[in-house]
Amino acid sequence: FFLFCVYSTLLAIISLISIPAMGLYSISAPMINKAILEEEFDELDRYHKKTSLSLFFIGLVLLSCILVGFPYLTDFIKNGALLKQAQPVIWIIGFAMLFDLSTGFNGHIISLSKYYRFNIVVMLFLAITTISLNFIFLKYTNLELLGIAVAYAVSLTLFNLAKIIFNYWKFKVFPFTIEMVYALIIGTLAITIAIILPDFKSSFLNLIYKPGVILLFFLIGNH
């Protein structure tokens with residue numbers, strides 16, 4: 001029960017990076033549906049790349065802020081010391097979710113097409129893989145929360161890879177662009193510098209200052 005509570009809290013924090021995707025989907029669904037119905041797959045590919053890049057960039061900014069701010073945030077949360085010990089879980093789940101965002105609306109493209117049943121297949125695959133890996137990590141290793149996080153990350157990544165391959169096979173659409181690499185380089189530099197910069201004695205100041213460094217880096221890098 002204790003592991004579940006800690007894991008649930010960490011998952012709730014890191015899931016914040018996925019919130020923008022919900023609003024963007026409500027805007028994108030009619031456009032995706034129109035492109036599929038009219039078989040305008042070149043246009044669908046361009047739109048898929050554009051939305052994937054937008055989701056990836058926003059997700060990367062939010063994830064970077066969470067990663068550098070999390071150690072100081074725990075000072076304001078009940079049982080924060082225990083959450084701080086589980087910090088590697090945030091990194092593993094966070095980058096798995098970021099990869100999920102970078103694939104854009106892969107699942108929605110399939111759902112809005114005549115191949116919607118494929119989504120049911122990959123959802124079953126995700127459930128079986130997650131349960132199996134959780135069983136293996138919890139029963140045969142001492143990784144505990146880390147094992148659960150790795151199981152989730154591996155399952156989610158395989159789940160997304162299956163949809164990427166399917167969409168490219170059926171519609172010739174692909175979510176990734178070189179701009180994502182540039183953004184990732186900026187994010188890596190920003191996180192590294194924010195972590196190695198000296199801390200204030202106040203956790204509150206650090207909680208503002210460290211993510212502020214991240215935002216400044218992305219603001220400069222985006223220009």
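Trainee: Is Arg 46 buried or exposed?

Mentor: Buried means under 20% relative accessible area, exposed over 50%, and partly exposed in between (1.4 Å probe, protein chains only). The relative accessibility of Arg 46 is 52%, so this residue counts as exposed.

Trainee: This is a predicted model, in which local features need pLDDT of at least 70 and side-chain atom pairs pLDDT 80 or more, while totals for chains, interfaces and linings use all residues. Residues are numbered from 1 along each chain as its sequence is written, and side-chain values use heavy atoms, leaving out hydrogens and water. With which residue does Arg 46 form a salt bridge?

Mentor: A salt bridge requires a side-chain nitrogen of Lys or Arg within 4 Å of a carboxyl oxygen of Asp or Glu. The partner lies 3 residues from Arg 46 in helix H3, about one helical turn away (helices are DSSP runs of H or I, at least four residues, numbered from the N terminus). The closest N and O atoms are 2.8 Å apart, and the partner is Glu 43.

Trainee: What is the relative accessible area of Lys 210?

Mentor: Lys 210 forms a salt bridge with Asp 199 at 3.0 Å. The pair joins helix H10 to the loop between H9 and H10, 11 residues apart. Asp 199 is partly exposed at 45%, whereas Lys 210 is buried, its relative accessible area being 1%.

Trainee: Which helix gives the most residues to the largest nonpolar core?

Mentor: A nonpolar core joins buried Ala, Val, Leu, Ile, Met, Phe, Trp, Tyr and Cys residues through side-chain atoms within 4.5 Å. The largest has 45 residues, with Leu 10, Val 89, Ile 90 and Ile 214 touching the most other members. Several helices supply at least two residues each, including H1, H5 and H10. With 12 residues, the leading contributor is H3.
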